Structures are given as structure tokens and as C-alpha cells.
Amino acid sequence: MSKKILICLVIAALMLTAVGSAAAQSGGPIEPLTPPPSVETGELVDETPHLWFVELESTPAVEGTSLVTLAREKTDFRAAAKKAGLVYRERFAFNTLWNGLSIEISPAELPKLARLPGVRAIWPVIKISMPVTEQPINPDLYTALAMTGADVAQSELGYTGAGIKVAIMDTGIDVDHPDLGGDGVARNDSELFPTARVAYGYDFVGDDFNADDTSPSYNPVPSPDPNPDDCQGHGTHVAGIVGANGTVKGVAPDVTFGAYRVFGCEGSTTADIMIAAMERALADGMDILNMSIGSAYQWPQYPTAEAASRLVNKGMVVVASIGNNGANGVYSAGAPGLGQKVIGVASYDNTHVLLPYFIVNDAKIGYVPMTYSGPVPTSGTLEIEYVGLACAPLSVDLTGKAALASRGTCSFATKAINAINAGAVAVVVHNNVPGVFNGTLGAPIDGITPVVGISLADGLYIRAQTPPVYMTWTDQMDSFPSPTGGLISSFSSFGLSPDLALKPDIGAPGGNIYSTYPLEKGGYANLGGTSMSSPHVAGAAALLLQAKPKTPPHKVRDILQNSADPKMWWGNPGLGYLDNVHRQGAGMLDIDDAILATVKITPGKISLGESEVGPSRQVINIENKGPRTVIFDITYENALSTGGVITPSYWDSDATVTFSRNTVVVPPGLSIPVIATITPATYPDYGQYGGYIVFTPRDGGQVYRVPYAGYVGDYQAIKVLEPTPYGLPWLSKLVDGSFYNQPDGATYTLVGDDMPYFLIHFEHQSRLMRLDVYDAVTGRYWFNALTEEYMPRNSSATGFFAFAWDGTTSVAGKKVFIVPDGQYVVKLSVLKALGNPFNPAHWETWTSPVITLDRP
């Protein structure tokens, strides 16, 4: 449960820091036209989990360990826990993809848990919120399919995903939906399952399950049943993108679905339930698994990422959203999308939006009704008059007319009120930047007057007409270009992975997507998020497997990456910079090119690590599977870099790539190696850089690319225990559910919650964390209180994790010491990501105030 500190600490929102000219060169930061979204932070918030994975010694069954051995290890753990007096509740036991258990336990019991024999590691079971999806402006799924070539793969190449089984791990699927094979009769809990299209699945949680302990509907106890019907909607929307076939047509409209429900009707789920669903999908023989969910700020070693990668080893293509934490800065990508063999997917905005329109001089003007607008007419003609900003009372007579105002300076409500007071019977506000917008009046004005927003271009068009100008309302809708179409979505998470692996892997449309929704909720809905981009790739994988059925699952990512198309920087596409490789991966999915490709280039991506090691030599193999010799010219193109540990600034790049040969001739049936020497970028500080090695055929055929990315300088220069305005780390007391700082030290009885708690903020991911105990007077070492590996970073500058010390220590997790009453200090040590444990410079430390143990 989140505990808020009884101190209100309000700090400024994380803001993009960028100075210099928009087209700066030679290391100058580059400003976006409009700032990206940021995360506001306030009170300190405890992000410590109360559920934990317990990883046991042996590898799981998919890696060869016998079920007898795995069962014995769990029996031994339970016996050891009982002997040690460990207070816990077991939730799940895992054998197939991951060896261990998940348990509920108090943070005060963690040291005891970590010391039990047979425990290889402990990991937090992350609480995973139902993916937050935007409610965009009536988007169009068809244009999203056209962005990836899925329309071509269907209509011209004839692939539909027939015979491919796709698992959807999500909120379930509305099996009644006619676009998903149902009979079109809305039912709250359908009796149709299984159907011909939703033929597999399981409900792991039940309708009432909700792992969010801050919610009034909190109910952490799953109530599984065999029917994975969807009462929330997210999973049905995702499934429709993969394979709807009706009013909406998905990427692969003839796939067979498996519905693995891990969310209730609202709220959150947990990472251990995800692993249980993965094991069920494997048992059901699914070909592809889509997971439009995940845990931000994690490592590729996190249990869900490890389990997902093992699924690939067992023959399943695994696709996962990279996350919607773009506002939380770099290193925010989530597990399982971070998994070594998982295809982690970024999001691009759709190219078009579907809008109602009115007509001015035969031109269609798409509009969006503002929140709290009066009803918008579907017929009738009005004179429309431009009134400027309309931020002050208007002197013109607008009786019976529509007012056209410019956006800016004052609120939409102020503009509308001033126009209405001048007699206007409709108010139109045009944008002051490209594109249409969702506006709000804040509250109803009169409940009668329609107030709508239009694009800047349309506003300027109306203003350019010779008065009098007339507008005619219609009851029609049409597709209009989106100004951010084809650019990375503002919410899409940044990589790299904390081990500097290149993530995300690829991107697809996810902003502004129209798809299926439960019939009880209207049948169709407009949503946006990386949740919507991931199923585009899962559906594309189904088309690829149908077209090339002998493709090994671990090769699918390489094939898709080879043919992807990187896009321009979202911040100012006119400058001509490619967007960050650690934001878009290989680029936009291009499935028809991937299916038609006759050349395979490996590796599909290059992770360069830290640049302090100097230039990197990479062997790239070009394999020609076509009938004719291909001649490639080999070049490279840098993408934008970012600087900063969390909040990114944007920079050009001086990385260079040279090749052992600039032209390569590849006869049919042969594979030719080329050596690429990549000299890393030299700026900015704490930077991530990247680019693309480009293979251009001289016959004008398909262009192939391999993305590369790395870190500028010494990765261990990033501070993990970054000083904070509120003085973390803290030695604390826990009283009535709230923590209190003890900067001058404190006395603890070790009874109940009266034990030392250490509140630690992680600015960046850490490879290892240790709490070691020393006598405060003599300096004698009293051994280790707690050790944890692969620590995630906190979600914001106000987040922290709390760790308790129960008065005992151990040597190498084995021999246990009861530390006698007296005065002690605890030394916190964190090993930086990719740090060398034998290099003191790769560690950060903090020593607590004096802790007095005084047992009753």
C-alpha cells in the first residue's frame, strides 16, 4: 500500500531543458516546436511492493530441470520458511517458464526471506495498472493498417493470418462481438466461449479482482474461471487490432485467438499472474503472444521478461508494448517488453482522424466538439464571422451568426461567453498550432450553444474567404490528416534498457486507433497507447508466419526490423533529423516489405554499450535468399541523441561508421560478411546516441536497415543515489502507517513495526544494493542485513523504496547473527548499472544516523 509522508513537498514539474537554436549543429541542443508532456510530482510516495517473487536455485522446466526437482525445491522452501518463522502467504508456484513462487509478505520480513536456503534471488511482484489509454479524436483503423503495409499484405499478397493462433494476455475478449466471431448478442458473461475464433483462453482473476490497494474496489484475491469474457474493454480493443473481421478489419483477420484474462473489470493486476498466463498460453500451443501491459523502469532480468524470452525459446513469438511512460524520460521502458528475445514495440500516431465536418465554400472543415459544448447541429447554415482572440467583450453584433475565434491568451470558456453575449449562436475556435484539438470549456455555459475546435489551417482558410462567409452543418464524417501522423507518440516510452540493450525494437501505429470494444460498451471505441501499437506487430507476425511458415520465432524480430522505416523527430520533423533510436527502435513496421524480403541481415540490431571503450567492430552478415545477385551500397545515417538521466534534451550526433567495404555483391544462396566500425558520439553528457546502417540495392529494390545505439562516455557516471530536495535516503520510523525521518538517529525495540526503515530513492537502475551493519562505536563489521539485485529506478523524483532491518544479519545469506542491543550504523551500498563490483568508483554509499537497538 502506498504511504504518503506527512510532509507536503511540492516540487516543479519535470521540464524539458533545451537551449540554443532549433537547427543547432556540432553538439548544440535542439528544441522541439512544442514541449513534451511532463510528470508533476508532489508528496513523497512509497513505491515498495508487498508481493515478492522468490526465485529458487534450479532453472525452470523449459531449460531441462525435472518436475521432481522443481517440486522438491518448493517443498524445501516451505519447510525452511516455517522453521525460520517466516510470515507469508503463498500466491503462485511456477515450474515451466520460471522456477519459484510468488508470496505476500511484510517488508519487515524481507531480510529473513532472502537468507532462506535455496533462495537464489527475490524480486518485487510489480503491481501493474490497467494500461492508460488516451481517448483520441475519432481515429481510423484503416489508415493505421496502411501505415504498416498490412492492407497490401491482405489485398495484394493474400495473407490474413489463417491457421495462426494468437494469444491476447489482457482484460479478456468479448466473445459475443460479431467482428471477433460472436453472434452479436450482448451478454455480461457470455456463454459462447469457446468459439471458432476465440478458441482458447482462461480467466485467471474474475470480474471483481483489483490489485490496486488505493482503490475503493481493492480485491487482491483472484477468483479464476474458464470464461475469459471482457468486462473492461482494453483486451477486446487489442484483439480487434490483431484480427477483427467485420465492421473493423484488423491486421490479420483470420487468426484464431486465445484470451488470457489477467485483469478484472477495473484496476490493476500483478506480475505473477502474468507468468501464470504465459505458462497457460504455452500449454495451449499458441504461436504468438501479445502483451499490451508491462512494468516500467525494470531490467531484462525481471521475471516476466525472463519468462517471456523463454517462451521464444519454446517456439512462440512474443510481442509486448514498451510502455506509455514517455513523460517519465529515458530508461523508462517496461518488462516484459525489455526481454532479451521479446519484440518491444513503440507507438506512432495515426496519419488520419475521423471527424464530423461542416462546409465552407465547398471545403470540408473537420471539427471536434469541446467538452461541455451544447448540442452540435447536423444541418443548417449560418454566417460565420472572425472575431480575433475574443478575450474581451466584443463590440460587434453577432446575432444569429457563428463566431470564429483564435486559440490562445484566454480560456475557451471566456471566448465562448464573449461571443454568446454578442449574440452568437455557435462558436468555432481555430488552433494556433497545426492540427485539430480536444478542448474543454471547464463547465457548461448555457447548454445550448455549440462550441467546436478546428485546425489552424482550416481557420486560416475561413479567414481568407471574402465576406460574408457561410458555414453549413452536416451529419457526415470524413477522414482528415493528423499533424502528428507518422511521428512517435508523446506517451511512447524511451529506452535504452538499463543494461544498454537497444530497446524498443520496432514501432507501429498506437496513437489514435479505432477498434472493437465490448458490445455492452458500444461495440467500438477510440483508444491510444503502446497497447495499440503492440497488436499491430503481433498481427504482422501472424501474416509473416503464414507467408513464411518455416520462420523460427527468434528470427521474426530480425526480419521485421530489417524492413522497418525510421521516422523523423517528433519535435520538429522539418529539420530532417531522424527520431531517437532508443525511442523508435528500427522504425515503423513495414509488413508487406518484410514478407517480400529476399535478403536477411543479421544481427537485426546492434547494442553498443558504453562509448568509453572506444570504436566498436561489428560483423554484419548479408544473406541473399532470392534468385538473383544483389549489389548493395552501404551507408549510415545518424539519429538524434538525448542527454540527461531522466528528462531528455535533444542533440545532433557526431558518431561515424566505416565499413570494410562500401559496396557488397551477394550472389543467390550466399551470405557475405561486412565489418562495420562504429565510432561513438562524443556528446552530450549522459547521452544516448544511435543511427541506422543502410543497405541500398543498386537495382532500386527494397532498402534494408540495421539500427545501432549506445551510451556516450562512462555509464557509471550516472548517480543512483542522486541528492534530493527532501534529503533521501532517510533512516525512518513507521508510525500508524506513515514514515518519519530520524536524521539524529533513533531507538528501536524491534517489536512489531518498531524497527529501522531505510527510505531510498533510486534515480537510476542499480545492479546491486547492500545494507551492511557496523558497530557505531568500534566500527566492527556485523555483516549483511540485506542484498538485492537488479533494482529498478523510481518512477519520479518523489518515489522511494522502503527496506527494513530486523536486527539480524548473515554471511553470504547463510549463517545468521542476532545483533545484540547497542548502537550501530547501516551502510547502504549500490553498484551502478553495468558496474564492476571490484571497482570502488562504481559504487555509491550512504551511512545512516546511529541506530540504537533496545529490545524489551
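## Salt bridges and nonpolar cores

Going by the side-chain N-to-O rule with its 4 Å limit, the count comes to 29 salt bridges. Keep in mind that this is a predicted model. Let's walk through a few of these pairs, then turn to the nonpolar side of things.

Start with Glu90 and Arg78, whose side chains meet in a salt bridge at 2.8 Å, N to O. The pair ties together distant parts of the chain: Glu90 sits in strand β3 (residues 88-94) and Arg78 in helix α1 (residues 67-84), 12 residues apart. How exposed are the two partners? Glu90 has 30% relative accessibility, so it counts as partly exposed. Arg78 comes in at 31%, so it also lands in the partly exposed class.

Next, have a look at Asp213 and Lys127, another salt bridge, with the closest N and O atoms 3.1 Å apart. Here the link spans 86 residues, from Asp213 in the loop between β8 (198-203) and α5 (234-243) to Lys127 in strand β6 (residues 127-129). Is Asp213 buried or exposed? With a relative accessible area of 18%, Asp213 is buried, because the cut-off for buried is under 20%. Lys127, at 35%, is partly exposed.

Then there's Glu383 with Lys401, a salt bridge at 3.9 Å, N to O. Glu383 belongs to strand β19 (residues 381-386), while Lys401 lies in the loop between β19 and β20 (402-406), and 18 residues separate the pair. In this bridge the lysine is the buried partner: Lys401 has 19% relative accessibility, so it counts as buried. Glu383, with a relative accessible area of 22%, is partly exposed.

Salt bridges can also join up into a network, and that's what you'll find at Lys503, Asp505, Arg557 and Lys605.

Now for the nonpolar residues. The largest nonpolar core holds 78 residues, and the members that touch the most other members are Phe53, Met169, Met278, Leu289 and Met291. Helix α6 (residues 271-283) supplies the largest share of this core, 9 residues. Zoom in on Met278 and, leaving out residues up to four places away in sequence, you'll see that Met278 touches Leu97, Met169, Leu289, Met291, Thr304, Ala307, Ala308 and Leu311. A second core, separate from that one, has 52 residues, among them Ala153, Val198, Ala239 and Ala594.

Notes: Residues numbered from 1 in each chain as written. Predicted model: local features only at pLDDT ≥ 70, side-chain atom pairs only at ≥ 80, totals over all residues. Heavy atoms only, no water. Helix = DSSP H or I, 4+ residues; strand = E, 2+ residues; numbered from the N terminus. Buried < 20%, exposed > 50% of the residue type's maximum accessible area, 1.4 Å probe, protein only. Core = buried A, V, L, I, M, F, W, Y, C linked by side-chain atoms within 4.5 Å. Contact = heavy atoms within 4.5 Å.
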